[in-house]
Each structure stands twice: as structure tokens, then as C-alpha cells.
Amino acid sequence: MGTSFSLSHWRDVLLTALAPIIWGSTYIVTTQLLPPDRPFTAALIRVLPAGVLLLLFTRRIPAHREIGRLLILSALNIGVFQALLFVAAYRLPGGLAAVLGAIQPLLVMVLLWAVDRHSPNKITLWAALAGVFGMAILLLSPQTIFEPIGIAAALLGAGCMATGVWLTRRWQINMPVMALTGWQLVLGGMMLAPAAWLLDAPLPALTASQYAAYTYLSLAGAFVAYGLWFRGITRLPGVAVASLGLLSPLTAVLLGWVMLSQTLSSTALFGFIIVLISVLVVQRTSVRANENHQLFI
């Protein structure tokens with residue numbers, strides 16, 4: 001039974017990991033292909049069409065008693081988070097913008113310890129700290145550009161996503177994953193619409209590559225990625241899910257190195273390896289903890 005459980009767990013890890021990997025491409029797509037200085041429009045186009053498609057497919061109405069919680073999750077996971085994500089993406093280099101994922105595991109652990117009174121595993125705690133340290137080595141180079149609004153957006157985005165992961169697991173809304181994803185995308189998109197209308201300039205005539213970029217962000221970055229992410233939240237420990245968020249900045253750095261010829265020094269490569277090991281250690285610790293839990297139930 002243990003082997004079967006481990007295989008199932010690692011399958012869930014790999015599928016969930018696809019979400020932050022896809023999100024890591026947001027930065028290069030935003031800076032290289034999208035019309036400039038329209039963060040709220042980009043966030044809106046990313047989430048709302050995908051949410052409508054999911055609702056048309058699932059046709060599930062939330063229970064009245066769960067609407068309040070669904071609105072809060074939609075704001076944290078989609079509306080506010082996506083707005084902050086694109087503000088950071090437009091204002092910071094891709095790798096630095098992705099720093100919003102670096103402190104998520106620690107924030108989730110703080111919530112689990114302070115509110116749920118769960119003592120975090122020491123190995124997991126040290127692995128999460130190592131991940132943040134590795135991210136600092138990877139991103140804080142002499143060439144790094146620090147833009148205050150972008151940094152603030154990245155840090156607030158980290159807080160939103162960590163709180164969203166924690167509350168999604170805590171509340172356990174009684175809906176299928178795809179329906180839950182669809183409602184959050186639609187409600188989050190409705191929250192973004194006023195900001196896009198009031199704060200962003202109208203879209204210019206779009207080129208074929210810009211249409212393709214918006215389509216990719218919506219179908220891959222929202223429809224597929226959020227479905228996998230919320231599925232993972234329901235199946236994996238909260239800290240394990242949050243640690244996978246570190247794959248987003250790793251992906252952003254790799255894409256910048258491969259596609260934009262950005263420099264990846266030996267020091268940055270060392271930080272890259274530390275972050276990757278941190279993610280693997282947290283996942284392995286989660287497997288062992290769950291296997292031990294299975295033996296006692």
C-alpha cells in the first residue's frame with residue numbers, strides 16, 4: 001500500500017508542479033509580447049474567458065452558504081493576486097518579479113503554526129528557509145533592478161497566494177475542482193474589470209502574436225494551470241503545494257537565460273540548485289509524513 005500511495009502522491013506533485021512552471025512563463029510573455037503598461041487588462045483577459053469556459057463545462061452552482069467564502073478565495077487567489085502579478089511582471093525583470101513565490105512556503109507554515117497550531121516539520125522548515133536563501137542568491141545580483149512598486153506588488157502577491165492556499169485547504173468548499181476553479185476565475189475577473197476599465201489605457205489594434213499571447217495566458221495560464229493548482233491543494237499538504245511555487249521563478253530565470261540571453265552566473269546557478277533541492281526535500285518529507293500517517297489510520 002505504501003508504494004501505491006507514494007506513486008499516487010508523486011503523480012499529484014508532478015501535475016501540481018505544472019501550474020507554477022506555466023506561471024513562470026508569464027513574465028517573458030508579458031514583457032516581450034503584450035502591449036505595454038496594461039497590467040489589469042492582461043489579468044482580466046487571462047482569467048475571465050477561462051472561467052466562463054469552465055462554468056459552461058461544469059454547470060455547477062455554489063451553495064448559498066459558501067458564497068462568502070468563495071468571494072474571499074476569488075479575491076485572494078485570482079483578483080488581487082493576478083493584478084499584483086502583472087504589476088510586478090511589467091515593472092521588474094522576470095526572475096525578480098517571480099520572487100513573489102519565494103516566501104510562500106514560509107508564510108503558509110506561519111499560518112499553519114499560528115492559527116491551526118500545527119508544528120511544522122523541522123526538515124521542512126529548514127528546506128523552506130534554504131529555498132528562500134537560494135532565491136536570494138539567484139535574484140539579488142549587482143545587475144538587479146529594484147523598482148519599489150514592483151517589489152511591493154511581488155511581496156503582497158506572495159501574501160495573497162499563501163493565504164489563498166491556506167484558506168482553500170481550511171474551508172474545503174464542497175464543489176468539484178473544475179467548478180471551484182471556474183467560479184474563482186469568473187468572480188476574480190469581475191473584480192479586475194473595474195480596474196482594467198478605469199486604470200489601463202484601451203488596447204491598441206492587436207497583432208497576431210499578441211492575440212496568441214493572450215490566448216496562451218488564458219488557456220494555459222488560467223484554464224489548465226489553475227485547475228491543476230486547486231486539484232493539488234485538495235490532495236497535497238499546504239506547505240508542499242506552496243513550495244512548488246518556487247518553480248515559477250526558476251522557470252522565469254531559465255526562460256530569460258535561454259530565450260533572452262540573460263546572464264546566469266555561477267553564483268546564480270548555485271542559488272538555482274539550492275532552490276531546486278529545497279523543493280525536492282519538502283516534497284519528499286511530505287511523502288514520508290503522509291506514509292506514516294497512513295500507517296496509523
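Glutamine 172 is partly exposed, with a relative accessible area of 47%. This residue sits in the loop between H8 and helix H9 (177-199). Its phi is positive, about 50 degrees, although the residue is not a glycine. For context, most residues other than glycine have a negative phi. The model discussed here is predicted.

Glutamine 172 comes right after helix H8. Helix H8 covers residues 148-171, a run of 24 residues. From first C-alpha to last, H8 reaches 34 Å, close to the 34 Å expected at 1.5 Å a residue.

Aspartate 37 is another non-glycine residue with a positive phi, here near 60 degrees. It lies in the loop between helix H2 (26-33) and helix H3 (39-58). Aspartate 37 is exposed, because its relative accessible area is 60% and the cut-off for exposed is over 50%.

**Overall fold**

The protein chain has 13 helices and zero strands. Read along the sequence, every element in the pattern is therefore α, as α-α-α-α-α-α-α-α-α-α-α-α-α shows. Of its 297 residues, 53% count as buried. Contacts reach far along the sequence: among those between residues at least 6 apart, 91% join residues at least 24 apart. The chain exposes about 13,900 Å², and carbon and sulfur atoms supply 70% of that area.

**Salt bridges**

How many salt bridges does the structure hold? There are two. In one, the side chains of arginine 231 and aspartate 12 meet at 3.0 Å, N to O. This pair links distant parts of the chain: arginine 231 is in helix H10, aspartate 12 is in helix H1 (residues 2-24), and 219 residues separate them. Aspartate 12 counts as buried, at 5% relative accessibility.

Arginine 235 also forms a salt bridge with aspartate 12, with the closest N and O atoms 3.8 Å apart. Arginine 235 lies in helix H10 and aspartate 12 in helix H1, so this pair ties together parts that are 223 residues apart in sequence. Arginine 235 is partly exposed, with a relative accessible area of 47%. Through shared partners, the salt bridges join Asp12, Arg231 and Arg235 into one network.

**Arginine 46 and its surroundings**

Is arginine 46, in helix H3, buried or exposed? At 0% relative accessibility, it counts as buried. Its side chain makes a polar contact of 3.2 Å with the side chain of glutamine 82. Leaving aside neighbours within four places in sequence, arginine 46 is in contact with Trp23, Thr26, Gln82, Leu85, Phe86, Leu217, Ser218, Gly221 and Ala222. Arginine 46 and threonine 215 are 169 residues apart in sequence, yet their C-alpha atoms are 7.7 Å apart in space.

**Two buried polar residues**

Glutamine 210 lies in helix H10 (residues 208-235). Glutamine 210 is buried, with a relative accessible area of 13%. Not counting residues up to four places away in sequence, it touches Leu33, Leu34, Pro35 and Ala205.

Threonine 285 belongs to helix H13 (residues 266-295). It is buried because its relative accessible area is 11%, under the 20% cut-off. A polar atom of the threonine 285 side chain lies 2.8 Å from the backbone oxygen of valine 281.

**A nonpolar patch**

Which residues make the nonpolar surface patch of about 490 Å²? They are Leu254, Trp257, Val258, Met259 and Leu260. Leucine 254 is found in helix H12 (residues 247-259). At 35% relative accessibility, leucine 254 counts as partly exposed.

**Accessibility of selected residues**

| Residue | Relative accessible area | Class |
|---|---|---|
| Arginine 46 | 0% | buried |
| Aspartate 12 | 5% | buried |
| Threonine 285 | 11% | buried |
| Glutamine 210 | 13% | buried |
| Leucine 254 | 35% | partly exposed |
| Arginine 235 | 47% | partly exposed |
| Glutamine 172 | 47% | partly exposed |
| Aspartate 37 | 60% | exposed |

Key: Residues numbered from 1 in each chain as written. Predicted model: local features only at pLDDT ≥ 70, side-chain atom pairs only at ≥ 80, totals over all residues. Heavy atoms only, no water. Helix = DSSP H or I, 4+ residues; strand = E, 2+ residues; numbered from the N terminus. Buried < 20%, exposed > 50% of the residue type's maximum accessible area, 1.4 Å probe, protein only. Contact = heavy atoms within 4.5 Å. Areas by Shrake-Rupley, 256 points an atom, 1.4 Å probe, with all protein chains shown as cover. Patch = residues over 30% accessible without salt bridge, like charges linked within 9 Å, V, L, I, M, F, W, Y side chains within 5 Å. Salt bridge = Lys/Arg side-chain N within 4 Å of Asp/Glu carboxyl O. Expected span 1.5 Å × (residues − 1). Polar contact = N/O pair within 3.5 Å; in protein donor to acceptor, adjacent residues only side chain to side chain.
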